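Biologist: I'm new to reading structures, so could you take one part of this one and walk me through it slowly?

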Amino acid sequence: MTMDESMEFEVISGELDTKKQITHIISKAKDYQDKVKEIVSSYYVDFLPNCYDNVMIMKTGKMLEDEINKALSLVNQDTTWQLNMGQENVLQLREELNEIILGYKTSFKLQTIHSLFEMISRTGDDYQKLIHILEKIKTLLNSDNDPILPKLECYQSIRLRYHEEYQILLYNLNKKFESLISFSEKPFQNTKSVTIKIKKDEDQLHQVIVALVHTNYNVNKMCKFLMDNVFEPIITRPVSLTCNEDEGDFVTIQLSYQLKSSEDLRPNYRTIFQRMMETFYCLGHMNILISEKQCIFSIIAKHIKGSMCKLLIDNCLQHDIPDTIDEMNESSIVHAIQEFNKFLTDMLFLDNENDHILDEYASKIELLFQKKFCSNIVSTALDIMKKDMHDMVLVEDRDSQFSSGSDMFSSCMVSKSTIEMKKLLDKILSEAVSSNEKELSERLIKTNATILERYTIEVTQNHEKLLLKIPQQTALFYNNCMYLSFWLQKNASKLNGNNSFMLIGSALRDHGSKTFNNQLQNQRSLLLTSLEGFDVTECTMELGPEPQKAVRQCIRQLDLLKSVWQTVLPEAIYKTSIGGLLTTFCGEIIRRIFNLEDITTPIGSGLVGLIGIVKEKAPQLFKDSSDIFVAVKNWTKLVQLQKLLDASLVEITEMWAEGKGPLTLNYKADEIKHLIRALFQNTKHRQTCLASIVQL
């Protein structure tokens, strides 16, 4: 045999050996697939027993994997035998090999899954190992790069087996967890009893809790129980709490409380913090450390720490902020909150880096106290403003030297509530002046401003009907406004010359004056309404009773005003007010008399008597009857009118005295002429008299 023939024989021989080897591997792989198929079908399709040794088949599969990899390497190499075989044969061999590889991989995956299922029964109570097995099965079933497995007849049965095993795991874990930690509640008609029991077995607790965490255990139910039945009652109502760590195999927490509780019985922050800490200490027996940054408390905290801290702030801490400066100086609430926050952080319930709600609230206590303190002051002031104004007290001269423009006020009455208001304002101002804290001092001064700004609004709203209908109420309100305005003037230097207080003082005076002026206008309207009965235009022979009735009604009205105003208003204001009303009254009488075109002797006599009534009664409205000449602008004119109505032409001429007599101070020549024509018939004597009445 020549060398060339020898070499050709070796190539052909190598070709045959390689092809035979690959064919043999393919045959073994098919045989392996058939066995796996039979095993899987028997377990997950037909549910029948089989006689194959699963362990041996698993080993066969692993060895077959090495042989397949070698055969694949031979086919992929660029060797001489491939050249001699021909391209078509090589491609066919590769296709067969690739096809068998896909089938092998699927079979091996199925065999692996089956082996993992077989291992489950041997795990016992090793929940971590069981979870690890189920996670492997889940990964194999959900592989995205396997297009064959999901199409197999057995796939859904295997998935169902996986879910069943997983549910069994969860059930067993829950049962085990409930045997280690139990939560129970017993509601009665008006009360509820809550019990939590935690077994003193850290190893079992650790094993079960870590397993539950890895199975994404839903802690919502436990968190809701703790929040609704433990933390919320401790924070919002009186509770009976017993924490027992020393007896038996379990740590026991027992809690009982009324389902409905009065706000007055709400516990203070010290009691709440103490009970919360006792509860957390006992619950700490289940606070298993899962990782460096995770434990049971940190998991529970994610669900309830926000609502718990908010409940603690809204229903406890904000109610326990001190009410007075002395209480605030003695209070330990800030330190207590900081200590409680540190406790929750140490218990790993709060995250020191991210959870600052309680610490931030503690840092704001001073500001919140100031707001509450000032808000309480305003509330107290508003309560004072609602008190009856007619309960009044005399302001002595030494206390009442306050001014409005150029008017000085002598002794007058103000409401007792206003004196109470002044004392409150004095106290606030004293606190502001003596305070070493600038912010508090400024806030207190602003609080005084707020009170005084709201005074006119609140009093007007609360006493609206009385201010409209009762003259005494209006007079008191006027005095109250002026008195508070005086307080502002008196304390201007302590208020740092604040321009806003000047505006408030001006507003107080303006509102008090406006309200009193409205009352004066109302009284004028009543006088004019009463004088509608003073109508003598239709009278021919005598005056009749109606004019006198109207005048007496007006006098009675003014006399009533005297009884409620004279001792209330400052003397100057009283004189001006009653004098203004008398001026209107007298002016209307004068106007109505001068409107008459003809005054007979009987009517004239009646008018003289009617004015006589006014002359008798009106001066009595003043302490000094002579004040009427100053306070009532047209008083002298009315007195002179009475004389004119009863005077002769000669007497009228003498009183006029060619424009130099006393009549000229209050009357014009045309007015006197009109009165002469109404009183006297047209005679030469009247014409002479009229001719003498000229205006100089």
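**A loop with two unusual residues**

Modeller: Let's start at Glu658, which is exposed, with a relative accessible area of 58%. Keep in mind that this is a predicted model. Glu658 sits in the loop between H25 and H26, and its phi is near 55 degrees, a positive value in a residue that isn't glycine. That's worth a second look because most residues other than glycine have a negative phi. Now look at Ala657, found in the loop between helix H25 (649-656) and helix H26 (669-679). Ala657 also has a positive phi, near 50 degrees, and isn't glycine either. How exposed is Ala657? Its relative accessible area is 30%, so Ala657 counts as partly exposed, since exposed means over 50% and buried means under 20%.

From the loop, let's go inside. Ala669 belongs to a separate core of 68 residues, which also includes Met413, Ala550 and Leu607. Follow Met413 and you land on strand E10 (residues 412-415). There, Met413 and Ser415 point one way while Cys412 and Val414 point the other, and all of them are buried. That fits a general pattern: in a regular strand the side chains alternate between the two faces of the sheet. E10 has a partner too, as strand E7 (residues 392-395) pairs with E10 in the antiparallel sense over four bridges. One of the matches is Met392 with Ser415 in E10.

Technical notes. Residues are numbered from 1 along each chain as its sequence is written. This is a predicted model: local features need pLDDT of at least 70, side-chain atom pairs count only at pLDDT 80 or more; totals for chains, interfaces and linings use all residues. Side-chain values use heavy atoms; hydrogens and water are left out. Buried means under 20% relative accessible area, exposed over 50%, partly exposed in between (1.4 Å probe, protein chains only). Two strands pair if DSSP finds at least two bridges between them. A nonpolar core is a set of buried Ala, Val, Leu, Ile, Met, Phe, Trp, Tyr and Cys residues joined through side-chain atoms within 4.5 Å.
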